[in-house]
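Thanks for coming. I will put the structure up now and then walk through a few parts of it.

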Amino acid sequence: MTELLFRDDAYLRSCEARVIAADEHGIRLDRTVFYPTGGGQPGDTGRLRLASGETLAIVDTVKGAGPDEVIHVPAPGSAAPLAGTEVFAEIDWERRHRLMRMHSCLHLLCAVVPGAVTGGQVSDGRGRLDFDVPGSSLDKEAITARLNELVAAGHPVAPRWITDDELAARPELVRTMSVKPPAGAGRVRLMEVAGPDGNIDLQPCGGTHIRNTAEIGPVTIAKIENKGRQNRRIIVAFAQ
Ligand SMILES: [Zn+2]
């Protein structure tokens with residue numbers, strides 16, 4: 001098991017760690033700041049610095065077979081470090097911060113657009129959510145305006161944990177139909193965007209988020225696509 005430092009503090013850019021194992025799939029550490037691909041958010045890139053002065057480029061991070069298992073994928077052709085090796089693990093912070101901003105923005109989009117979310121994906125500088133809504137009821141300009149209003153209002157964003165039983169009793173918290181929240185560990189991590197009159201958004205999410213919506217910055221709805229009779233894909237991009 002790997003200690004997932006990004007789960008408690010998404011702003012950590014680096015940490016010291018020890019190699020547990022390394023094989024053709026990648027490198028496992030005892031603790032990490034690298035977020036593995038999941039919940040529509042891409043895995044981190046970065047580097048592992050060794051005491052020898054050598055630097056191993058990490059080109060992707062993915063989940064392993066076990067719970068909380070994180071695989072750091074090195075650049076092709078790199079020599080795998082031996083188990084026990086001490087490393088300084090460092091993510092590409094600028095990229096991760098953009099991913100955090102866009103990921104958090106999709107939570108706001110979720111609050112702005114009614115209807116079940118059928119899918120979503122964050123990429124560098126862009127993000128999309130698919131909604132199960134009929135017809136052409138979505139107004140691009142109105143969604144853009146409301147989204148930027150929520151961004152500019154500077155609402156606090158914070159994680160909150162509830163038990164599996166509490167979540168089972170409140171099924172309305174689960175907005176996504178395609179991504180089931182991770183249950184079975186006894187507790188589930190919720191992400192909350194708090195508003196003056198209650199939650200703006202509250203749903204299970206294991207991703208990384210910014211602390212305040214103002215940090216997202218101005219955004220724009222790049223496109224609303226028709227993806228089938230009941231499926232509308234909303235693509236968001238940073239305005240600057
Ligand atoms: Zn999230």
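Let me start with a pair of strands. Strand β9 is joined to strand β10, residues 126-132, by 7 bridges, and the two run antiparallel. To pick one position, Gly120 has Leu129 as its bridge partner in β10. Before going further, please keep in mind that this is a predicted model.

That pair belongs to an open sheet of 4 strands, with antiparallel pairing, in the order β9-β10-β15-β14. The edges are β9, residues 116-123, and β14, residues 219-226; each has a single partner strand, so one side of each is left without a neighbour in the sheet. On average, neighbouring strands here are turned by 20° against each other, direction ignored. Helix α3, residues 140-152, packs on this sheet, where it touches β14 and β15, the latter being residues 231-238. The direction of helix α3 makes about 145° with that of β14.

Next, the metal. Which residues are the protein donors of the zinc ion? They are His103, His107 and His209, each through NE2, and Cys205 through SG, lying 2.0 to 2.1 Å from the ion. The arrangement is tetrahedral, because the 4 donor atoms subtend angles of 102 to 121° around the zinc ion. For reference, the ideal angle for four tetrahedral donors is 109.5 degrees.

In sequence, the spacing of the donor residues reads H-x3-H-x97-C-x3-H. His103 lies in helix α2, residues 93-112, while His209 is in the loop between β13, residues 198-204, and β14, so this pair ties together parts that are 106 residues apart in sequence. Both of these histidines, His103 and His209, are buried.

His107 is also a donor, and is found in helix α2. Is His107 buried or exposed? Its relative accessibility is 5%, so His107 counts as buried. If we leave aside the neighbours within four places in sequence, His107 is in contact with Met191, Asp201, Gln203, Cys205 and His209. Of those, Cys205 and His209 are themselves zinc donors.

The cysteine donor brings me to disulfides. How many disulfides does a search of the whole structure find? The search finds 0. Take Cys110: the closest cysteine sulfur is in Cys205, and at 9.8 Å from the sulfur of Cys110 that is too far for a bond. Cys110 counts as buried because its relative accessibility is 3%. Cys205, at 14% relative accessibility, counts as buried too.

Last, strand β5, residues 46-50. In a regular strand, side chains alternate between the two faces of the sheet. Along β5 they do alternate: Gly46, Leu48 and Leu50 point to one face and are buried, whereas Arg47 and Arg49 point to the other face and are not buried.

Which strands pair with β5? One is β6, residues 55-63, which pairs with β5 in the antiparallel sense over 4 bridges. In that pairing, Arg49 stands opposite Thr55. The two strands form a hairpin with 4 residues between them, and Gly53 in the turn has a positive phi of about 100°. Strand β8, residues 86-91, is another partner, joined to β5 by 5 bridges and running antiparallel. There, Arg47 stands opposite Glu90.

That is what I had to show.

Conventions. Residues numbered from 1 in each chain as written. Predicted model: local features only at pLDDT ≥ 70, side-chain atom pairs only at ≥ 80, totals over all residues. Heavy atoms only, no water. Pairing = 2+ DSSP bridges. Axes fitted to C-alpha atoms, helices over the stretch in contact; angles between N-to-C directions. Contact = heavy atoms within 4.5 Å. Donors = N, O, S within 2.8 Å, 3.2 Å for Na, K, Ca; no water. Tetrahedral: all angles 85-135°; square planar, octahedral: opposite > 155°, others 65-115°. Buried < 20%, exposed > 50% of the residue type's maximum accessible area, 1.4 Å probe, protein only. Disulfide = S-S within 2.5 Å.
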